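Biologist: Before I plan anything at the bench, I would like a close look at one helix of this protein. Could you walk me through it, and set it against the rest of the model?

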Amino acid sequence: MKMEEPEVPFAFIDVILPLALPKAYTYTITEDHYDQLAPGFRVAVPFGKQKVYTAVVIRVHRVAPQTYGPKSIVMILDKIAMVTPIQLEFWEWMARYYMCSMGDIMRASLPAALLIESQTILTRNELEPPEMETLTDDQFLVFEALQKQTLSLEEISQITDQKKVMPLVLDMLEKGAALIYQKIEEKFKPKRVRYIRLSPPFQEEQNLESLFESLKNAPKQSALVMGFLSDSNSLDSWQKVSDFKQKTQASSSQIRTLLDKAVFEEIFQEENRVLIRQQRERNSEKVLSPAQQKALVEIQTVFKKKEVILFEGVTASGKTELYIKLIEEQLSKGKQILYLLPEISLTSQIVTRLATHFGNQVSVYHSKYSIHERTEVWQRTLEGSSQGQIIVGARSAVLLPFQDLGLVIIDEEHENSYKQFDPAPRYQARDSAIFLARRMNAKVLLGSATPSLETAENVRTSKYGWVKLSERYGGVSLPIVELIDLKDANRRKTMNGMFSKTLIHSIQKTLDQKKQVILFQNRRGYAPISECLSCGHTPQCSQCDVSLTYHQTKNQLKCHYCGYSIPMPSQCHACGMPTLTTKGVGTKQIE
């Protein structure tokens, strides 16, 4: 008798998981799924013994793996692909270039709300109660707790006071005392806004009289209905509850009473969270100076030959106004714009300026926004909506799913903040943005008053274009910078303590003019180093292996890394001689 061969699954998908794994994994899908899925879709897949993860499809095929039997997917999470094909190419390049896994990049790219993970839940087996004498003491505690509620692995660990509870759980499963399942929750919740309106019977004017007659013994409720009508364009119009409460000072209980009486009816609508509330102002554009206009024409000309331009403009030269002109040019073509900034603190200033020109076309994307707000920016960018056309953000904004990128502006391109150090992927957002722009046929403008060495070298070798703006807006003169050789001043005995004669003279001159002076010194405390004159020993932090800083006010030595401190010793810890002295100048000593 011929044995039947096991049925071969119809099709397969290769997926990447949000874990530091060196390769993609293969899962089986049904015939229906084969036509539905494509690279970029999110699917929930089982991985390991007890976990379900969000995975991103990178390939749909019919080639079965040779080394293992693939599992089936749990579910498809999307109706359309949440990751674009160009993004997948971008992730692959980043994984290769920055020597990390695509799973690392996936976790860094997707907002947390799009990365669902399962939670292992234990529930009591009511169908086949176990023999109680077979349960250990810890298992009996868990079994009793399961009478009241389901338990996660963390809760079982707390009940039994054990760190590793899987052996205990697996034994309970074998004894039939419990059942296990995976609780999958999607973290993203669209914002739901509550609206109310007059119930249909009272939208007819003849019924309004009877309504107010019925409310004559409830003057507050009658006033609320009157306030609602005064703000409505028509009797059947909807009003946002939050706006209505603000205008009429109504309480939630009063509105609920009118809803219970069927005077009002309510609905809930999904709505995007408004990240930019400033509306576009008319006549907000500034007139470019002749130098700015010349620089703008140069940029437009060089962009015809080069994909990347270094725009070297002195501080306060008005680079942002030129950025706005270039953004307007791209918007007229229906393109998306990415505006990268090195620090989150700078974002609010730039967003305010851009919002006065472009209103709600500006979206912000960085880690200080909630996962829901970042998810909505992701979706707007993916859809190519008008609210996703100008993205302002820190380095992570380069990972968004752009559809038709036209221009990338990287302000202060020399800043070290564009480099991600920990955790992986340890990418350079400036360099990554240049690769992404090249892949999408977009232009890149690197703005800086002090370009980085690598960018300057790329300009020197004609790899990048170069435009310079050396004049401040409004003709304001640049500050005079003078270097003082303190070694030479000491030799000539022209120092006054730690200050040069030139500095003392300049401070006095400024004070005589009733102006203010700022002295910068990047050293906290009184002196950065304490040293023994006899043996040269320097007290160091026992935990960080760095020199301790002397703080005169508290007469102590302190570590500025971990906060470790000791009283200022009267004698050297190494040789015992009372010859400790301080070296260097801190802000307190200057004061």
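Modeller: A word on confidence comes first: pLDDT is the predictor's confidence in each residue, on a scale from 0 to 100, and it belongs here because this is a predicted model. The protein averages a pLDDT of 83, and 90% of the residues score at least 70. Over residues 1-6, however, pLDDT stays under 50, and the model shows zero contacts for this stretch beyond four places in sequence. Residues 273-279 also stay under 50, yet for them the model has 26 contacts beyond four places in sequence. Among the elements, strand β8 (residues 178-184) has the lowest mean pLDDT, at 66, while helix α15 (residues 429-439) has the highest, at 96.

The helix to look at closely is α10, which runs over residues 252-260 and in which Ile255, Leu258 and Leu259 are buried. These three cover an arc of only 105° around the axis, and so they lie on the same side of α10. On the other side of the helix, Ser253 and Asp260 are exposed. Just after α10, the chain reaches Ala262, which takes a positive phi of about 65°.

Helix α8 (residues 219-230) can be set beside it. Its twelve residues should span 16 Å at 1.5 Å a residue, and because its end C-alpha atoms are 16 Å apart, the model agrees with that expectation. The buried residues of α8 are Gln221, Ser222, Leu224, Val225, Gly227, Phe228 and Leu229.

A loop residue offers another kind of detail. Glu412 sits in the loop between β16 (405-411) and α15, and because its relative accessibility is 24%, Glu412 counts as partly exposed. Leaving aside residues up to four places away in sequence, Glu412 touches Pro342, Tyr418 and Gly447. With Gly447, the separation along the chain is 35 residues, whereas the C-alpha atoms of the two are separated by 5.5 Å.

As for the protein around these parts, the model has 19 helices and 25 strands, and 42% of its 591 residues count as buried. Among contacts between residues at least 6 apart in sequence, 70% join residues at least 24 apart. The accessible surface comes to about 33600 Å², and 50% of this belongs to carbon and sulfur atoms.

Note on methods: Residues numbered from 1 in each chain as written. Predicted model: local features only at pLDDT ≥ 70, side-chain atom pairs only at ≥ 80, totals over all residues. Heavy atoms only, no water. Buried < 20%, exposed > 50% of the residue type's maximum accessible area, 1.4 Å probe, protein only. Helix = DSSP H or I, 4+ residues; strand = E, 2+ residues; numbered from the N terminus. Arc of directions from axis to C-beta. Expected span 1.5 Å × (residues − 1). Contact = heavy atoms within 4.5 Å. Areas by Shrake-Rupley, 256 points an atom, 1.4 Å probe, with all protein chains shown as cover.
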